[in-house]
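Me: Got a minute to go through this structure with me? I'd like to chat about a strand first and then some helices.

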Amino acid sequence: MATAPTRYPQRLLDAALAMTDNRLEIAEPLLRDHLKRDPFDARAIRMLAELAGRIGRYRDSETLLRRALELAPGFTAARANLAIVLYRLNRPVDALAELDRLLAEEPEHPGHANLKAAALGRLGGFEEAIALYEGVLRQAPEQPKVWMSYGHMLKTVGRQTDGVAAYRRALALRPELGEAWWSLANLKTVSFDDSDIAAMSSALTRDVSDEDRFHLDFALGKAWEDRRDPTRAFDHYAAGNALRRTKLVYDADETERFVSDSIAAATPAFFATREGWGCLSPDPIFILGMPRAGSTLVEQILASHPQVEGTTELPDLPAIARRVADYPNGLAALTADQARSMGEEYLRRAAVQRRTDRPFFIDKLPNNWAHAPLIRLILPNATIIDARREPRACCFSNFKQHFARGQAFSYALDDMGRYYRDYVRLMAHVDAVQPGAVHRVIHEALVDDVEGEVRRLLAACRLPFESACLRPHETERAVRTASSEQVRQPIFRTGNEAWKPFADRLGPLVEALGDVVEAYPVVSHA
């Protein structure tokens with residue numbers, strides 16, 4: 001068995017220097033040339049894996065790192081890289097397996113403990129994650145990003161005061177850390193004072209990274225909106241969105257084609273000939289729709305019921321969909337056995353996030369609207385809740401929001417309007433071909449008639465009425481989304497009008513939305 005040798009040939013040194021300068025186009029041929037000569041050099045394989053990871057080819061990176069570890073099982077740097085890659089692939093269970101092995105060998109390594117805390121957070125192990133962060137910070141208290149991650153975890157479990165203190169500690173160490181400023185703004189309950197605005201504005205004049213810059217712009221947008229200065233607020237929101245958009249690949253035409261293909265595939269005949277297919281478990285409750293449409297509030301209401309467990313925005317349904325060849329057209333080629341197997345696989349994957357024995361659980365990934373036909377095929381007895389909000393209010397709320405990952409449509413007003421239209425178009429089709437399969441919660445109706453809408457919601461979920469569902473802010477549970485602090489307050493309606501001071505700047509959005517605005521709401525509930 002090979003081991004990781006200690007002496008580097010010149011080719012590897014040159015490749016390492018190129019990677020340090022992020023000149024990947026120089027590093028890659030050097031590494032490939034070296035591996036042609038010495039295909040068993042675990043160091044070079046690890047470097048090539050790192051290169052693949054930098055350009056987002058995480059599955060290639062995983063394959064290379066596993067090969068390096070086959071050759072050199074004691075190569076801890078490669079194992080640490082593998083843990084990072086698995087975490088980025090949203091496989092926290094697999095990442096934890098590697099991290100536990102690393103920590104057994106290097107128990108005092110703060111980097112391993114930090115990543116383990118993050119992975120535990122994805123699995124709902126918040127208290128253990130908090131303890132790990134505290135251990136890391138005792139060893140290395142001058143780490144602003146660790147303080148920020150610690151703040152994220154504290155916020156998730158409802159310790160807002162402690163979370164704010166952690167974010168402030170991160171900023172004391174690194175005042176230009178844009179994500180920490182945005183994390184404070186994203187609590188929706190923190191008001192920035194003059195010194196905060198001055199500090200953020202000053203940071204924007206310096207040579208900061210693009211990531212810091214767009215986070216600062218989003219935070220300053222919130223600061224000026226709170227001060228009722230829509231001109232300065234919108235200018236910062238627009239700058240942050242424009243810069244973020246340059247880092248993402250999103251094609252609104254592709255989304256439109258996908259929805260049209262889904263509509264063509266999911267016909268009445270398609271469902272009629274597949275009656276009784278899929279896994280018949282009624283356990284999942286899917287809350288889907290646009291982000292910032294009130295889905296976290298709906299989740300909190302349902303999670304207040306003793307028969308329902310709130311989990312998080314699970315990545316499992318999109319992962320299953322990606323394996324369907326030529327999706328969504330390929331749905332027609334699936335067999336009954338495959339449909340049942342896919343439904344059962346979803347339940348197994350989701351079980352990782354379960355913490356109770358409650359019979360029902362929630363998957364609150366908004367983007368699952370795109371997979372509503374797949375849900376009806378593989379989990380026909382699951383409940384589907386469409387959380388919908390007035391299109392201008394919903395889309396502007398997205399425009400003000402920087403998402404940690406995903407939601408690439410949300411960084412341009414026209415993209416967002418088209419995305420909302422496509423979402424409505426597909427859901428209208430599902431209503432037509434599967435009448436009654438989707439229960440729609442109109443956000444404005446919910447805040448105006450809480451008890452009536454909650455009773456209808458519980459009936460749609462085949463649940464008895466529970467008075468605790470009328471007081472969702474009293475339910476203590478971890479909430480990982482941007483609305484975490486809002487749902488810990490009594491239900492309010494003030495956000496419904498927030499877009500109006502910016503109406504004169506929303507032309508591209510309104511034009512892209514078209515007749516969706518006038519048609520809202522199509523129905524109040526199923």
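**Strand and helix chat**

Reply: Sure. This is a predicted model. Strand β5 is covered on both faces: V438, R440 and I442 on one side, and H439 and V441 on the other, are all buried.

Me: How many residues of β5 are buried, out of how many?

Reply: 5 of the 5, residues 438–442, so β5 is largely enclosed by the rest of the structure.

Me: And why do the residues split between two sides like that?

Reply: In a regular strand the side chains alternate between the two faces of the sheet.

Me: Which strand is joined to β5, and how many bridges are there?

Reply: Strand β4, residues 383–388, is joined to β5 by 5 bridges, and the two run parallel. As one bridge pair, D386 is partnered with R440 in β5.

Me: OK, helices now. At what angle do α11 and α13 cross?

Reply: Roughly 25°, with the axes of α11 (residues 178–186) and α13 (residues 210–226) coming within 7 Å. Angles under 35 degrees count as roughly parallel, and α11 and α13 are therefore roughly parallel to each other. The crossing is left-handed.

Me: Which residues make that contact?

Reply: From α11 you have G178, E179, W181, W182 and A185, and from α13 E211, D212, H215, L216, F218, A219 and K222. They divide into 6 nonpolar, 2 polar and 4 charged.

Me: Is W181 buried or exposed?

Reply: W181 counts as buried, because its relative accessibility is 4% and the cut-off for buried is under 20%.

Me: What does W181 touch, leaving out residues up to four places away in sequence?

Reply: W181 touches R168, L171, P175, F192, D196, A199, M200, L216 and A219.

Methods: Residues are numbered from 1 along each chain as its sequence is written. This is a predicted model: local features need pLDDT of at least 70, side-chain atom pairs count only at pLDDT 80 or more; totals for chains, interfaces and linings use all residues. Side-chain values use heavy atoms; hydrogens and water are left out. Axes are lines fitted to C-alpha atoms, for helices over the stretch in contact, and angles run from 0 to 180 degrees between N-to-C directions. Helices (H or I, at least four residues) and strands (E, at least two) are DSSP runs, numbered from the N terminus. Angles under 35 degrees count as roughly parallel, over 145 as roughly antiparallel, 65 to 115 as roughly perpendicular and the rest as oblique. A crossing is left-handed if the near helix is turned anticlockwise from the far one by less than a right angle, and right-handed if clockwise. Contact means heavy atoms within 4.5 Å. Ala, Val, Leu, Ile, Met, Phe, Trp, Tyr, Cys and Pro count as nonpolar, Asp, Glu, Lys and Arg as charged, and the others, Gly among them, as polar. Buried means under 20% relative accessible area, exposed over 50%, partly exposed in between (1.4 Å probe, protein chains only). Two strands pair if DSSP finds at least two bridges between them.
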